[in-house]
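Subject: Structure handover

Hello,

Here is the structure we spoke about, for your own use. My notes come after it.

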Amino acid sequence: MSIDVLYIHPGNHKGNYQDLAREFTAIATPAWTLLLANYIRNKGYSTAIYDVNVDGWNENTAKEIIAQYNPCLVTIMVYGHNPSSSTQTMPSAGKIANDIKDYNKDIQILMGGIHPSALPELTIKTESIDFVAQGEGAYTIEGLLLYFKGKRNINNVKGLWYKNNESVQFTIPAPIISDLDTELDGYAWDLLPDLSNYRAHNMHCFQNFEMSARDDFSDVRTPYVAMNTSLGCPYSCHYCCINAIFGKPGIRYWSLEKVVSWIDTLVSKYGIRDIRFDDELFILSTQRVERFCDLIIERDYNLNIWVYGRVDTIKESILIKLKKAGINWICLGIESANEKVRSNVNKSIKKNIKDIVEKIQANDIYVLGNYMFGLPEDNMETMNETLDQAIELNCEYANFYSAMAYPGSELYEWASKKDGYLPESWTGFAQLGYDTQPLPTKYLQAKEVLRFRDEAFSKYYSNPGYMEMLERKFGNKVRKHMEKMLDINVKRRILGD
């Protein structure tokens, strides 16, 4: 076999999540890789996908997959299911490239995704690769293949960084894809061996745990799909790096007819019920959301959907339809309880957060609250304020993050000008990794922020009010599962573990 493009989706669940990786985290479908693979296939090129998160990687894998596929181009897309997943995946991506080059130095390797797009010159200088795609990557990969075939000058390949003897060259910027329905018209689900290899996050399926016959509840968490209905975000929060790949703030949509056609296929062909929409902001246009709900409600698919929204984009009028359509989880970026802390990173929230959370829950929709400790204006008082708010809101699930200056974000530009504000290696950007090194604040050291975050996690989930609510809503199996999660000790280098 000889193919044009072998897409490799990198990952290191064990390193990034430690013992939580065994049964608590999700294994998400590589949405962006699937879109790009389908794009290049529609252009007449042959392609395949190798997902490290499912099939693993060892000292023999490079030899085996190169021998199997004999690709003209290997493309490693460093893009996870949220912006933080990109930089923390760089060590895995780098090892894959090294192993391939060790086996055959002539194999051409391109790296793309959020992190390489944010730091293209550094990436091509420090990794064992030949090219970087800056931006979305579709036009760059297509142009590079045309260059290989002698049909295009390399300087006309849009969005390409490449090595020319001892120097690094950049061609011309690649435009964003404006007509998503036509140019990114689908996901190459069929290139994945089995969607049952992917599993939803534990909380996404809490409502199904009582029906499970397995200790890890995997039978009610698969098959599973993560996908998009839009690209980009109209906001520009300083801690977010999403615009590194999608350009300036803005949002582009696939038509709802296209999105629903994908869901039709996922349900009828693959038996999918559990879906996470990875849109940075699914709940934005009320009219669009209502129309989506109408289309899904009339199909009566009994879906279990997780979406993202901002506190100030949630309107009570749409909640009934959201629930009827199977949207059981809304993730809210609450970040901080302190308005000064939020405003300093361009995330002002003028609405009453508690009122919005209670209205969502009143419609039998569960809330995943995202909180962040260690933003530049944070001190012990403001972080305690955020923890107190989280405990008061008592969302059905909560993510507690340490603030990180991800490449491509404004925080990265700010932190890169200060000594010791950035991790020494890319592994330091993994929120739950051993090497985690969060951003210091104006008032606190990185280790103080991380210690507070880890203690806040334990306080929230061991709180009797939370555990009682959990059992009341989801049953005893979920409570026992979360008690088991609390027993896992996440080790931290900077805390002396």
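The notes below cover the two sheets, two loop residues and the nonpolar cores.

This is a predicted model, in which local features need pLDDT of at least 70 and side-chain atom pairs count only at pLDDT 80 or more, while totals for chains, interfaces and linings use all residues. Residues are numbered from 1 along each chain as its sequence is written, and side-chain values use heavy atoms, with hydrogens and water left out.

Sheets

Helices (H or I, at least four residues) and strands (E, at least two) are DSSP runs numbered from the N terminus. Two strands count as paired if DSSP finds at least two bridges between them.

One open sheet has seven strands in the order E2-E1-E3-E4-E5-E6-E7, and its pairing is mixed. Its edges are strand E2 (47-51) and strand E7 (167-170), each of which pairs on one side only. Neighbouring strands of this sheet are turned against each other by 20 degrees on average, direction ignored; axes are lines fitted to C-alpha atoms, for helices over the stretch in contact, and angles run from 0 to 180 degrees between N-to-C directions. Within the sheet, strand E1 (residues 5-9) pairs with strand E3 (residues 73-78) in the parallel sense, over four bridges. Leucine 6 has valine 74 in E3 as its bridge partner. Helix H9 (residues 138-148) lies across E1, E3, strand E4 (109-113), strand E5 (131-133) and strand E6 (160-164), and runs at about 165 degrees to E3.

The other open sheet described here has six strands, ordered E8-E11-E12-E13-E14-E15, with parallel pairing. Strand E8 (224-227) and strand E15 (397-402) each have a single partner strand, so one side of each is left without a neighbour in the sheet. For this sheet too, neighbouring strands are turned by 20 degrees against each other on average, direction ignored. Strand E14 (residues 366-373) runs parallel to E15 and is joined to E15 by six bridges. Phenylalanine 373 stands opposite serine 402 in E15.

Two loop residues

Asparagine 153 lies in the loop between H9 and E6. With a relative accessible area of 45%, asparagine 153 is partly exposed (buried means under 20%, exposed over 50%, partly exposed in between; 1.4 Å probe, protein chains only). Its side chain reaches the backbone nitrogen of asparagine 155 at 2.8 Å.

Aspartate 279 is in the loop between strand E11 (274-277) and helix H13 (286-297). At 1% relative accessibility, aspartate 279 counts as buried. Neighbours within four places in sequence aside, aspartate 279 is in contact (heavy atoms within 4.5 Å) with Met227, Asn228, Thr229, Ser230 and Tyr308. Its side chain makes polar contacts with the side chains of threonine 229, at 2.5 Å, and serine 230, at 2.7 Å. A polar contact is a pair of N or O atoms within 3.5 Å; within protein, one must be able to donate a hydrogen and the other to accept it, and residues adjacent in sequence count only if both atoms are side-chain atoms.

Nonpolar cores

A nonpolar core is a set of buried Ala, Val, Leu, Ile, Met, Phe, Trp, Tyr and Cys residues joined through side-chain atoms within 4.5 Å. The largest has 139 residues, of which Phe292 and Ile330 touch the most other members. Helix H2 (residues 31-42) supplies the largest share of this core, eight residues. A second, separate core of 26 residues includes Ile8, Ile65, Ala93 and Ile100.

Regards
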